[in-house]
Amino acid sequence: MNTETIAIVGAGQAGGWAAQTLRNEGFKGRIVLIGDEPHRPYERPPLSKAVLAGDAHADSTSLVKPEAFDLLDIDWRPKVTATRIDRSARLLHLTQGEPVHYDKLILCNGGRARRLDVPGADLPGVHMLRSIEDAAALGAALSAGKHLLIVGGGWIGLEVAATARKKGMQVTVVEALPRLCERTVPPLISDYLLRLHRSHGVEVVLGTGVQQFARTPAGGLSATLGDGREIACDAVLVGIGLVANDELAREAGLACEGGVLVDAQCRSSDADILAAGDVAAWHCEWAGRRMRLESWQNAQEQGIAAARAALGNEVNHQPLPWFWSDQYDVNLQIFGMPAPSHRVVVRGDPDTHSFVAFFLDEDKVVAALGPNSAKDLRFARRLIERRTSVDPERLADVQVPLAKL
Ligand SMILES: Cc1cc2nc3c(=O)[nH]c(=O)nc-3n(C[C@H](O)[C@H](O)[C@H](O)COP(=O)(O)OP(=O)(O)OC[C@H]3O[C@@H](n4cnc5c(N)ncnc54)[C@H](O)[C@@H]3O)c2cc1C
């Protein structure tokens, strides 16, 4: 059967890459790109960094310049939500307009910021951060001398903490788990992040959550913590993770488990429906388990892979996971997936702002991360990808160039 129409749900980073890849690969048919936001595809990382700080305009996040986007000849439907997939008729139902008939459908509908289920979480002044509009609203609340309370000591919470400090705000981070970024990094890096933020004047409260928010008579906000403490503040950011938007797929009967289950060809349990980006869960060989990868790199590469697979090309989406975060003058990068079972070898002094933690499975480096060490991490990446056997002592010795390993 000829593929005449490819529909994409979600005009975000993965959807944008999928759409332009279809054209780059020579697809001449109809591409329908359904996006519930008013914007053309854009990248979100600057929303907690330069855009939030007011150092960059929201337009700078565009994936493709408007003129170049128009040349792709895409039937783009902004502010339209896909509401139902009728798999037997291959129809995508929308909040506006006729249902779209598809030959292939690519789900790139990402995820949404997880809501904090406590009284007062919907009060004005309590923010979440996912979209350009969220960044504009939070940015307007960042004002020198005011107090920002951040619920969640994960990547977004910590990046916003750094941005708010830069704007001269008083900042408190409340994290329910015993350490920062506990789900993604080992204790060594959590400790480093704690020192980093405390040294910049952020108050970090660990091991307790927020039980409720209330308005104060003076018009501010107050948060009651699990340990009974009351914190008065002017604004709140809730950054407690992401929920995959997999309802559309689930209601259509596709296999889902906290995300749309796909294989390395990005195919769901229906071979004509593919998924990519934050919404997709697949078996990541580097991690040795099924997972969703909420990262810029994965959104781009899986979006490209899904488009190529939809055209019938052979793909094998198994990129070495890569994630970065910018906080203050620190650029932290992670390659691979560190796990508690790995042996940790540190190169450099973890009390400084430049060192690398390597994660070894027997004598092979399987992951590496560190602040301000882009050059060493490029070598680390090669060691991981080539599955090189290393001598841990030489790895830890800063006198031994990594290139020699
Ligand atoms: C503030 C912030 C900072 C980040 N910083 C970093 C970073 O420093 N490094 C890094 O590696 N990653 C970072 N990320 C993660 C990265 O941006 C995401 O992994 C990436 O955006 C995922 O792309 P996606 O296309 O899967 O989802 P999205 O970009 O979220 O796109 C999904 C789109 O689908 C739309 N949609 C949902 N449901 C429907 C529907 N039914 N119909 C129509 N449209 C729908 C959504 O509104 C959205 O526009 C950050 C994310 C955020 C929010």
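**Close-up views of a predicted model**

**View 1. Asn372 in the loop between β26 and α9.** Asn372 sits in the loop that joins β26 (364-371) to α9 (374-385). The structure shown is a predicted model. Most residues other than glycine have a negative phi. Asn372 is not a glycine, yet its phi is positive, at about 45°. The relative accessibility of Asn372 is 31%, so the residue counts as partly exposed, a class that lies between the limits of 20% for buried and 50% for exposed.

**View 2. Asp73 in the loop between α3 and β3.** The loop shown here runs between α3 (66-71) and β3 (75-78) and contains Asp73. Asp73 is another residue other than glycine with a positive phi, in this case near 55°. Its relative accessible area is 56%, and Asp73 is therefore classed as exposed, the cut-off for that class being over 50%.

**View 3. Atoms of the ligand and their polar partners.** Which residues come nearest to the ligand? Of the 32 residues around it, these are Ala14, Asp36, Glu37, Lys49 and Arg130. At Ala14, a polar backbone atom is 2.7 Å from an oxygen atom of the ligand. Arg44 instead presents a polar side-chain atom, which lies 2.8 Å from a ligand oxygen. A nitrogen atom of the ligand is 2.9 Å from a polar backbone atom of Ala82. The protein buries 94% of the 1000 Å² that the ligand exposes when taken alone. Two or more residues of the surrounding shell come from each of α1 (13-24), β2 (30-35), α5 (155-166), α8 (296-310) and β22 (322-327).

**View 4. Make-up of the shell around the ligand.** By residue class, the shell holds 13 nonpolar, 11 polar and eight charged residues. Domain 1 (5-112 + 243-310) and domain 2 (126-238) each supply at least three residues to the shell.

**View 5. Domains of the chain.** The domain assignment divides the chain into domain 1 (5-112 + 243-310), domain 2 (126-238) and domain 3 (329-404). Between the C-alpha centres of domain 1 and domain 3 the distance is 33 Å. Where these two domains meet, five residues of domain 1 contact four residues of domain 3.

**View 6. Lys166 in helix α5.** Lys166 belongs to helix α5, one of the elements that give two or more residues to the shell around the ligand. Is Lys166 buried or exposed? With a relative accessibility of 60%, Lys166 counts as exposed, since the cut-off is over 50%. Neighbours within four places in sequence aside, Lys166 is in contact with Ala53 and Asp55. Ala357 is 191 residues from Lys166 in sequence, and their C-alpha atoms are 28 Å apart in space.

**View 7. Gly239 between β16 and β17.** Gly239 is placed in the loop that links β16 (235-238) and β17 (242-244). Its relative accessible area is 18%, so Gly239 is buried, the limit for that class being under 20%. Outside a window of four places in sequence, Gly239 contacts Val151 and Gly152. Tyr328 is 89 residues away from Gly239 along the chain, with 18 Å between the two C-alpha atoms.

**View 8. Gln265 between β18 and β19.** The loop between β18 (260-261) and β19 (273-275) holds Gln265. A relative accessibility of 19% makes Gln265 count as buried, because the class takes in values under 20%. Side chain to side chain, Gln265 makes a polar contact with Arg267 at 3.1 Å. Residues up to four places away in sequence are not counted among its other contacts, which are Leu274, Ala309, Glu314 and Val315.

**View 9. His317 between α8 and β22.** His317 occupies the loop between α8 and β22, and both of these elements give two or more residues to the ligand shell. How accessible is His317? Its relative accessibility is 5%, and His317 counts as buried. The side chains of His317 and Asn298 form a polar contact at 2.8 Å. Apart from neighbours within four places in sequence, His317 touches Ala264, Cys266, Trp282, Asn298, Glu301, Gln302 and Ala305.

Definitions and conventions: Residues are numbered from 1 along each chain as its sequence is written. This is a predicted model: local features need pLDDT of at least 70, side-chain atom pairs count only at pLDDT 80 or more; totals for chains, interfaces and linings use all residues. Side-chain values use heavy atoms; hydrogens and water are left out. A residue is near a molecule or strand if one of its heavy atoms lies within 4 Å of it. A polar contact is a pair of N or O atoms within 3.5 Å; within protein, one must be able to donate a hydrogen and the other to accept it, and residues adjacent in sequence count only if both atoms are side-chain atoms. Accessible areas come from the Shrake-Rupley method with a 1.4 Å probe; for residues, only the protein chains shown count as cover. Helices (H or I, at least four residues) and strands (E, at least two) are DSSP runs, numbered from the N terminus. Ala, Val, Leu, Ile, Met, Phe, Trp, Tyr, Cys and Pro count as nonpolar, Asp, Glu, Lys and Arg as charged, and the others, Gly among them, as polar. Domain bounds come from an automatic or database domain assignment. Buried means under 20% relative accessible area, exposed over 50%, partly exposed in between (1.4 Å probe, protein chains only). Contact means heavy atoms within 4.5 Å.
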